[in-house]
Amino acid sequence: MLTARQEKILTLIVKEYVKTANPVGSKHICKVVNCSSATVRNEMAELEELGFLEKTHISSGRMPSEKGYRYYVDNLMNPSEMNSDDILKLQLIFSNKSLAINECIKKSLEIISEITDYTSVVLGSSSNDNYLKQVEVLPLNTNQVLAIVITDKGCVAHKQIDVSDISLDEVQKTVELINKLLIGTPIDEINSKLEFEIKPIINQYVKQHDAIYNAFYDVFKDFTNKNVSFMGKANMLNQPEFSNLEKIKKIYSKLENKDTLESIEEHDNNINIYIGKESKVDDDVTVIKTKYKAGNEEGTIAIIGPKRMEYERVVNMLEYIKENIEGDYHE
């Protein structure tokens with residue numbers, strides 16, 4: 001266990017390094033803890049020997065190690081209130097009752113990515129857990145309709161379809177065929193059935209069958225892939241830890257990997273923090289994530305960034321989003 005002074009020094013180094021990405025020297029610490037420079041240097045050397053700090057070869061300052069971040073998160077991090085700007089931006093999303101749950105989650109995570117410069121990801125319910133309940137189309141104007149796909153678990157996806165060369169009657173006829181023949185089919189099996197079972201029938205009954213078939217094939221393809229959505233993926237390029245091209249290519253490749261995505265999925269209702277090796281993404285990455293459940297919709301929301309992350313701020317924002325998803329917004 002660290003002494004109170006060592007904990008204070010570690011906290012100061014974590015917060016300063018998060019802010020500047022530069023190793024922290026004893027001079028900065030002395031101003032705050034009211035100790036001599038020699039005392040602070042000795043304490044920093046002790047923290048380094050214990051594995052809580054690391055020293056770069058090009059600087060006399062220190063930065064937190066993975067062990068140091070973990071100690072800070074588990075023992076020293078204090079919950080703090082969200083700042084008013086963050087709250088206001090997120091409130092605008094949750095006050096819009098016309099948004100579907102999946103839209104609400106994505107838009108709120110887009111805001112987090114925008115204001116933190118981290119990457120957000122939402123892993124929705126796997127599409128193979130969803131069965132088709134209904135397909136609807138709503139005319140938007142003379143050239144476009146909105147195709148809506150609804151599953152038995154209440155998941156909703158929609159996509160605008162260009163019908164400038166297709167009659168609305170033909171579109172409606174196709175929807176009726178799909179509803180008649182595919183309701184109750186697992187979502188991830190629908191495109192296969194469209195291709196081999198429904199397309200020949202559409203060819204018989206619908207004049208503009210190719211255009212309509214392609215449009216609905218894309219709708220279901222999007223729905224099948226929608227259970228993983230990244231926001232702010234390019235933000236990693238803005239972090240000094242990831243300025244090396246090979247490094248960022250490796251992380252991007254990992255994020256496309258099915259096993260990595262499965263490791264990001266969270267089964268715990270708490271907000272959990274995985275630092276460095278724990279993240280299973282990269283040794284220099286932190287993943288903060290939680291499980292959400294609202295009605296029939298459930299999944300994982302996660303923030304991915306460098307170990308040098310604003311831990312309190314991200315935890316607060318995830319808590320706020322989780323509370324709004326699971327609370328009054330969808331009751």
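**Exercise 1. A bridge between two helices**

Arg 5 counts as partly exposed, with a relative accessibility of 39%. Keep in mind as you work that this is a predicted model. Your task: find which residue meets the side chain of Arg 5 in a salt bridge, and work out which parts of the chain the pair ties together.

*Solution.*

Step 1. Look for the partner: the side chain of Arg 5 meets that of Glu 43 in a salt bridge, at 2.9 Å from N to O.

Step 2. Place both residues. Arg 5 sits in helix H1 and Glu 43 in helix H3 (residues 37–49), so the bridge ties together parts that are 38 residues apart in sequence.

Step 3. Check the burial of the partner. Glu 43 has 12% relative accessibility, and buried means under 20%, so Glu 43 counts as buried.

Step 4. Put the bridge in context: a search of the whole structure finds 16 salt bridges.

**Exercise 2. Two more bridges and a network**

Describe where the partners lie in the salt bridge of Lys 173 with Glu 170 and in that of Lys 247 with Asp 282.

*Solution.*

Step 1. Start with Lys 173 and Glu 170, whose closest N and O atoms are 3.6 Å apart. Both residues belong to helix H7 (residues 168–182), where they are 3 residues apart, about one turn of the helix.

Step 2. Add the accessibility. Lys 173 is partly exposed at 35% relative accessible area, whereas Glu 170 is buried at 7%.

Step 3. Turn to Lys 247 and Asp 282, whose side chains meet in a salt bridge of 2.8 Å, N to O. This pair links distant parts of the chain, 35 residues apart: Lys 247 is in helix H10 (residues 245–256), and Asp 282 is in the loop between strand E8 (272–275) and strand E9 (285–294). Lys 247 and Asp 282 are both buried.

Step 4. Finish with a network of salt bridges, which links Arg 70, Asp 74 and Glu 278.

**Exercise 3. Two helix crossings**

Classify the crossing of helices H1 and H2 and that of helices H5 and H12, then list the residues that make each contact.

*Solution.*

Step 1. For H1 (residues 4–20) and H2 (residues 26–33), the axes come within 10 Å and cross at roughly 125 degrees. That angle makes H1 oblique to H2. The crossing is right-handed.

Step 2. List the contact. H1 contributes Lys 8, Ile 9, Leu 12, Ile 13 and Glu 16, while H2 contributes His 28, Ile 29, Val 32 and Val 33. Sorted by class, the H1 and H2 contact has 6 nonpolar, 1 polar and 2 charged residues.

Step 3. For H5 (residues 84–94) and H12 (residues 311–326), the axes come within 11 Å and cross at roughly 25 degrees. Angles under 35 degrees count as roughly parallel, so H5 is roughly parallel to H12. H5 passes H12 in a right-handed crossing.

Step 4. List this contact too. On the H5 side are Asp 86, Ile 87, Leu 90, Gln 91 and Phe 94, which meet Arg 313, Met 317, Tyr 320, Ile 321, Asn 324 and Ile 325 of H12. The classes in the contact of H5 with H12 are 7 nonpolar, 2 polar and 2 charged residues.

**Exercise 4. Surroundings of three residues**

For Ser 26, Phe 242 and Met 231, state the relative accessibility and name the residues in contact, leaving out those up to four places away in sequence.

*Solution.*

Step 1. Ser 26 has its place in helix H2 and counts as buried at 14% relative accessibility. The residues in contact with Ser 26, beyond its neighbours within four places in sequence, are Ser 37, Val 40, Arg 41 and Met 44.

Step 2. Phe 242 is found in the loop between strand E7 (228–231) and H10. At 1% relative accessibility, Phe 242 counts as buried. Outside the excluded neighbours, Phe 242 touches Met 236, Lys 247, Ile 248, Ile 251, Asp 284, Val 285 and Pro 306. One of these, Lys 247, is the residue whose side chain meets Asp 282 in a salt bridge.

Step 3. Met 231 lies in strand E7 and counts as buried at 6% relative accessibility. With the sequence neighbours again set aside, Met 231 touches Lys 106, Leu 109, Glu 110, Ser 113, Tyr 118, Thr 119, Ser 120 and Val 122.

Definitions and conventions
Residues numbered from 1 in each chain as written. Predicted model: local features only at pLDDT ≥ 70, side-chain atom pairs only at ≥ 80, totals over all residues. Heavy atoms only, no water. Axes fitted to C-alpha atoms, helices over the stretch in contact; angles between N-to-C directions. Helix = DSSP H or I, 4+ residues; strand = E, 2+ residues; numbered from the N terminus. Parallel < 35°, antiparallel > 145°, perpendicular 65-115°, else oblique. Left-handed = near helix turned anticlockwise from the far one by under 90°. Contact = heavy atoms within 4.5 Å. Nonpolar A, V, L, I, M, F, W, Y, C, P; charged D, E, K, R; others polar. Salt bridge = Lys/Arg side-chain N within 4 Å of Asp/Glu carboxyl O. Buried < 20%, exposed > 50% of the residue type's maximum accessible area, 1.4 Å probe, protein only.
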